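Got a few minutes for a guided look around a protein chain? Have the picture ready and follow along.

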Amino acid sequence: MDYHDLSAIWMNFYFNSRKQMHKITLILIIAAFCLFSLSCDKDNENDEPDKTVIPDVLLIVESSKYNGLSSKLAEYQQDIAHGDTSALILQWSSGSVIALRDTIKRYYDKYHIKGAFLIGDIPAAWYEMDDSFDEYEEFPFDLFLMDPFAEWQDTDEDGKYDYYSSLELKLFTARLIGSESEINNYFSKVHNYRKGNLSLPARGYIFIDDDWASMYASEYFNVNTIFSITDRCIDVNETTKSAYLSKLTGQGAEYIHQMIHSYPNELLIYHQQQNESLGTQEITSN
């Protein structure tokens, strides 16, 4: 083998090696780029906002009833979930209405919740005042929870508020009281309604008793903007107990707007100079 043969072998090796090196270099560049891209993607994932579901409704449940209600609560929680928001269940064991207000405010500040559903025996604020007829009144007052930034005072220190600053309501509240069986029955009814298994006529009903007839006889309270059919019982000769029961046990309505004097356990429908009492037991039996 002479010099030219050796030179040709070396040159062939050199150029082949260069080609292999180019391939290896290209592979390394591609690999590095892929690693860099994966790293960037990882960083982007970390920069994205937390995808944890954000509560927009609090379900505040009396803790002593929670175990008996947990199944229906979970079903209700799933029923009302939508998008990236949901209901959050909080158990309430003890504490004042001020502590309850502070809890609701904390979730409003952090998540801008839309409201709180109070289930079971949950504390309430009470308010006292003299009405427009100079008669003393006292009553539970959930506006206390609906504007967590308002100022409230109990000037005579009797445990009932009697002053508040201007109100700007930030959220809704609703209450559901009763035994475990009654509350579970309520949630079953709500679930069946949402699934289309329980329906009432898609109409509204307005019942305005005598004391409000002169002020509101011509009003629909915007109920007619929700329902294409809105029935009214507003004539003082027609606003009777029998008319009320006849409507609700007969054709029925999906929503009722009523202005009737009441106590916790009864409605008092005024007719012909006397009150016709409609109590909770009679409502239940009907």
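What follows is a walk from the whole chain down to single residues.

Before we start, keep in mind that this is a predicted model, in which local features need pLDDT of at least 70 and side-chain atom pairs count only at pLDDT 80 or more, while totals for chains, interfaces and linings use all residues. Residues are numbered from 1 along each chain as its sequence is written, and side-chain values use heavy atoms, with hydrogens and water left out.

Let's take the overall view. You'll find eight helices and 14 strands in the chain; helices (H or I, at least four residues) and strands (E, at least two) are DSSP runs, numbered from the N terminus. The chain has 286 residues, and 31% of them count as buried. Here buried means under 20% relative accessible area, exposed means over 50%, and partly exposed is in between (1.4 Å probe, protein chains only). Now for contacts, meaning heavy atoms within 4.5 Å: of those in the chain with a separation of 6 or more, 66% come from residues 24 or more positions apart.

Next, look at helix H7, residues 241-249. Its buried residues are Lys241, Tyr244, Leu245 and Lys247. They sit on the same side of H7, because they cover an arc of only 160° around the axis, the arc being that of the directions from the helix axis to the C-beta atoms. And what do the buried residues of H7 pack against? The partners are the strands S9 (204-208), S10 (230-233), S11 (255-259), S13 (266-271) and S14 (274-279), plus helix H8 (280-285).

Now a pair of helices. H2 (residues 63-80) and H5 (residues 180-194) pack with their axes 10 Å apart, at an angle of about 10°. Axes are lines fitted to C-alpha atoms, for helices over the stretch in contact, and angles run from 0 to 180 degrees between N-to-C directions. H2 and H5 are therefore roughly parallel to each other, a label that goes to angles under 35 degrees. On the H2 side, the residues making the contact include Leu69, Leu73 and Tyr76, while on the H5 side Ile183, Phe187 and Val190 are among them.

For a single loop residue, try Ile113, between helix H3 (97-111) and strand S3 (115-119). Is Ile113 buried or exposed? Its relative accessibility is 1%, so Ile113 counts as buried. Not counting residues up to four places away in sequence, Ile113 touches Pro55, Asp56, Leu58, Ile104, Tyr107, Tyr108 and Leu171. The C-alpha atoms of Ile113 and Ile54 are 8.8 Å apart, with their positions 59 residues apart along the chain.

Let's head to the loop between helix H6 (210-216) and S10, where you'll meet Phe221. Asn222 lies in the loop between H6 and S10 too. Most residues other than glycine have a negative phi. Phe221, though not a glycine, has a positive phi of about 55°, and Asn222, also not a glycine, has one of about 65°. Phe221 counts as partly exposed at 27% relative accessibility, whereas Asn222 counts as exposed at 54%.

Last stop: Arg232, in strand S10. With 31% relative accessibility, Arg232 counts as partly exposed. Its contacts, leaving aside neighbours within four places in sequence, are Ile206, Ala217, Ser218, Glu219 and Tyr220. Arg232 and Tyr205 are 27 residues apart along the chain, and their C-alpha atoms are separated by 5.7 Å.

Conventions: Angles under 35 degrees count as roughly parallel, over 145 as roughly antiparallel, 65 to 115 as roughly perpendicular and the rest as oblique.
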